[in-house]
Amino acid sequence: MSAIKRSLRGIAAAVRSRPWISLAIALGIFALDILVPPLVLTIARKPVSAFAINPWLPSLPAYLASGPGSLWERLTKTWGLALFWFSADNSFGLEWGFAVTTADLVRFTFMSLLVAAYFALWMERRTALPLAPWRRSAGGSGGVFGALGGIFGLSTGGCTVMGCGAPVLPVIGLAFAGLSSTTIKWMAELSTIATSAVLIGLVSAVSWLGWRGGAR
């Protein structure tokens, strides 16, 4: 518990010292998490033609309070609820679709905060400790990797998509038409593994940097 408190203390101190930079990074990563997938699909397949917000959302509070089924069942359904989506139509119907669920939104928010904390901690450590040129370059590369991991490791990784023959598929996979079911299954599994690896790596890096910063 003392190690966790020390890490949290270091993270809080780094973010407080650069609040506006941290906020800008978090908002930027969050926006890119949502906008990169439809942009990839627009370039690779067909330009987006529609954006819609789930019209059922105003009824969500009443459903959670007194809807059918147990509270756990209602929460489970809400976790996978599509909140809004982008799509493109063709002459046969749906060309592609990208939907953001409640789970996706929570994941995007968490990853945005992680990347912002990573940059704040890295800048704090760079200011506090004089670094050799090679270490400064390595740290900068790590920061860029953290940001790219947040954007491409998750947005073009484990996303909820429509019209692809699978409930979860990497957007980069959906960009290519005619994939076999075996390839789709393989890419979905790889996407889940890659998403988990990026998340674990960033959590570990932020925790370690926070622990080091908490000592001061």
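## The main nonpolar core

The largest nonpolar core has 20 residues, and I25, V115, L121, L202 and V206 are those with the most contacts inside it. In this predicted model, the elements that give two or more residues to this core are α1, α2 (19-44), α5 and α8 (181-214), and α5 gives the most, with 11 residues.

V206 offers a view of the packing within the core: when its neighbours within four places in sequence are left aside, V206 is in contact with I11, L114, A117, Y118 and L121. Apart from this core lies another, of 13 residues, among them L41, Y63, F86 and A88.

## Helix α1 and its two faces

Helix α1, which covers residues 2-17, has 16 residues and reaches 23 Å from its first C-alpha to its last, close to the 22 Å expected at 1.5 Å a residue. Within α1, the residues S7, G10, I11 and A14 are buried. Seen down the axis of α1, its buried residues fall within an arc of 95 degrees, so they line one face of the helix.

The face of α1 turned away from this buried side carries the exposed residues S2, K5, L8 and R16. I11, one of the buried residues of α1, also appears among the contacts of V206.

## S112 in helix α5

S112 lies in helix α5, and with a relative accessible area of 2% it is counted as buried, because the cut-off for that class is under 20%. Leaving aside its neighbours within four places in sequence, S112 is in contact with A26, I29, F30 and D33. The C-alpha atoms of S112 and I29 are separated by 5.4 Å, although the two residues are 83 residues apart along the chain.

The side chain of S112 also has a polar partner in the backbone, since one of its polar atoms lies 2.7 Å from the backbone oxygen of F108. An α-helix has 3.6 residues a turn, so residues three or four places apart point the same way.

## Salt bridges

How many salt bridges does the model contain? The count comes to 2 salt bridges. In one of them, the side chains of R18 and E124 meet at 2.7 Å, N to O. R18 lies in the loop between α1 and α2 and E124 in helix α5, so the pair ties together parts that are 106 residues apart in sequence. As for accessibility, R18 counts as buried at 18% relative accessibility, whereas E124 is partly exposed, with a relative accessible area of 26%.

The side chains of D104 and R107 also meet in a salt bridge, at 2.6 Å, N to O. These residues both lie in helix α5, 3 residues apart, about one turn of the helix. D104, placed in helix α5 (residues 102-128), is buried, with a relative accessible area of 4%, and its side chain makes a polar contact with the side chain of R107 at 2.6 Å.

## Helix α5 across these features

Helix α5 recurs throughout this description. α5 gives the most to the largest nonpolar core, with 11 residues; S112, which lies in α5, is in contact with residues including A26 and I29; and E124, also in α5, pairs with R18 from the loop between α1 and α2. The salt bridge between D104 and R107, by contrast, joins two residues that both lie in helix α5.

Key. Residues numbered from 1 in each chain as written. Predicted model: local features only at pLDDT ≥ 70, side-chain atom pairs only at ≥ 80, totals over all residues. Heavy atoms only, no water. Helix = DSSP H or I, 4+ residues; strand = E, 2+ residues; numbered from the N terminus. Polar contact = N/O pair within 3.5 Å; in protein donor to acceptor, adjacent residues only side chain to side chain. Expected span 1.5 Å × (residues − 1). Buried < 20%, exposed > 50% of the residue type's maximum accessible area, 1.4 Å probe, protein only. Arc of directions from axis to C-beta. Core = buried A, V, L, I, M, F, W, Y, C linked by side-chain atoms within 4.5 Å. Contact = heavy atoms within 4.5 Å. Salt bridge = Lys/Arg side-chain N within 4 Å of Asp/Glu carboxyl O.
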